[in-house]
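The following paragraphs proceed from the overall build of a protein chain to its interior. The structure is shown first.

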Amino acid sequence: MRPVAIVGGGWAGLACAMELTEAGLPVTLYEAARQLGGRARRVDWNGIPLDNGQHLMIGAYRETLGLLGRLGTHSFLERRPLELHLPGFRLRLPRLPAPLNLAVGLAFAQGLDLRDKLAAARLMNYLRDRAFRLPADTPAGAFLRRLQQPDNLVDRLWGPICVAALNTPVEMASAQVFCNVLRDSLAGDRGDSDLIMNRADLGLILPDAAAAFITGRGGTVQTGCKVESIRAEGGGLHLSGPDVTAEHVVLASHPSRLPELLGALPGMETIITQVSALAWQPILTLWLQFAASPRFRFPMVGLGGGQVPWAFERNDLHPGLVGIVVSAEGGHLDLPTEQLKDEYLALLADQVGPLPALLNWKTIVEKRGTFACVPHMARPDNVTPQPGLYLAGDYTASDYPATIEGAVRSGSKCARLILARIQR
């Protein structure tokens with residue numbers, strides 16, 4: 001049997017390759033870049049391993065956590081009950097059974113008045129009664145106003161959750177996908193809302209270990225190998241670039257590459273139209289290296305309301321290292337980087353107290369960090385009209401936004417589809 005060809009070495013492609021090699025299938029993974037990981041990867045900075053962005057996970061990410069458990073890298077994760085610290089606001093969910101944990105957490109939340117707390121409870125009850133399904137999708141901001149959610153509650157709770165999960169401003173974001181996030185986190189089992197923070201660089205947590213897992217089971221991983229296009233040939237699919245033919249191909253590359261990859265195949269017009277219509281949202285990360293560690297009361301601290309910057313203590317990567325991440329588009333992207341750094345330093349000092357001397361700093365902007373998760377998105381299925389060709393990635397049809405869990409789920413689903421087709 002010819003090896004299954006996987007195009008793209010991000011988390012979706014790696015998850016797919018792991019599933020297939022574990023099932024005994026030959027696999028060759030092709031990654032155009034020199035390193036694996038895609039949009040959640042290691043970046044080296046003056047000898048310090050950084051993440052290209054702060055990719056927070058939650059307890060509801062069962063497939064991702066299961067994958068890391070099989071790799072043995074779950075020991076690099078720190079799990080804590082949900083705590084949100086923002087200026088004038090604190091929410092902490094106690095270790096109680098759901099939904100009691102949320103009820104008690106809201107009751108004792110600081111920075112919300114009685115009207116805010118009752119409105120939050122009313123929203124969750126409204127969604128539970130409807131199994132978190134809306135009659136029609138709409139922008140999340142309009143949905144929250146229709147449900148009479150106070151501005152203070154939106155600014156301090158719903159807005160930050162929406163932007164952090166969907167990487168899309170609340171006035172643009174899909175209300176249905178936002179509700180899906182609430183369903184699987186705040187309304188899930190007690191541990192589903194837990195915050196899962198990586199305590200090693202992302203390369204150690206998945207790409208390095210996954211590559212060893214794949215090659216240890218007979219698979220092949222080729223970096224620096226770009227697939228230029230795909231065409232049907234001789235009962236299979238020919239990949240130009242590596243110049244190989246495979247019976248099964250999984251495209252796990254960035255969706256912006258699909259038009260050129262699929263252009264020579266018939267019946268791909270709908271998929272190309274769907275991915276071409278995707279809009280993109282950036283993620284900006286400011287890395288700060290201090291002479292000593294600032295005093296964080298919790299490893300993740302919000303620095304403002306609404307489209308909030310979040311500061312993360314990352315002493316695991318290097319003593320005195322702090323990452324500040326800002327999701328989605330906004331005026332911060334128009335600021336000179338020096339001014340941005342100074343403004344965020346001031347916000348950080350307001351939250352954690354006097355800061356040690358700043359030794360160095362760096363900004364990383366992923367201009368196409370995620371797709372804009374807006375209402376009525378048309379997202380392609382994992383199965384394509386071309387037999388043997390599959391799509392994997394967080395942009396494929398799912399009730400999840402663009403998250404690590406969405407990527408891993410899609411890759412695992414493609415592997416299961418291939419195994420089912422072979423076994424028929």
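In this predicted model, 58% of the 424 residues of the protein chain count as buried, that is, they have under 20% relative accessible area. The chain exposes about 16,500 Å², and carbon and sulfur atoms supply 52% of that area.

The secondary structure of the protein chain consists of 13 helices and 20 strands. The chain has a radius of gyration of 22 Å, close to the 22 Å that the globule rule gives for 424 residues, and it is therefore as compact as a globular protein of that length. Measured out along its principal axes, the C-alpha trace spans about 70 × 50 × 40 Å. Among contacts in the chain with a separation of 6 or more, 70% are accounted for by residues 24 or more positions apart.

Attention may now turn to the interior. The largest nonpolar core has 119 residues. Those with the most contacts inside this core are I6, L20, F143, W158, V249 and L251. A second core, separate from the largest one, has 16 residues, and F296, L340, L345 and V352 are included in it.

Which residues is F143 in contact with, once its neighbours within four places in sequence are left aside? F143 is then in contact with L123, Y126, L127, L134 and T138, and also with A175 and C179.

The last topic is charge. The protein chain carries 41 positive and 40 negative charges, and the mean positions of these two sets are 4 Å apart.

Definitions and conventions:
Residues are numbered from 1 along each chain as its sequence is written. This is a predicted model: local features need pLDDT of at least 70, side-chain atom pairs count only at pLDDT 80 or more; totals for chains, interfaces and linings use all residues. Side-chain values use heavy atoms; hydrogens and water are left out. A nonpolar core is a set of buried Ala, Val, Leu, Ile, Met, Phe, Trp, Tyr and Cys residues joined through side-chain atoms within 4.5 Å. Buried means under 20% relative accessible area, exposed over 50%, partly exposed in between (1.4 Å probe, protein chains only). Contact means heavy atoms within 4.5 Å. Helices (H or I, at least four residues) and strands (E, at least two) are DSSP runs, numbered from the N terminus. The radius of gyration is taken over C-alpha atoms; the globule rule is 2.2 Å times the number of residues to the power 0.38. Accessible areas come from the Shrake-Rupley method with a 1.4 Å probe; for residues, only the protein chains shown count as cover. Lys and Arg count as positive and Asp and Glu as negative; His and the chain ends are not counted. The place of a charge is taken as NZ of Lys, CZ of Arg, CG of Asp or CD of Glu.
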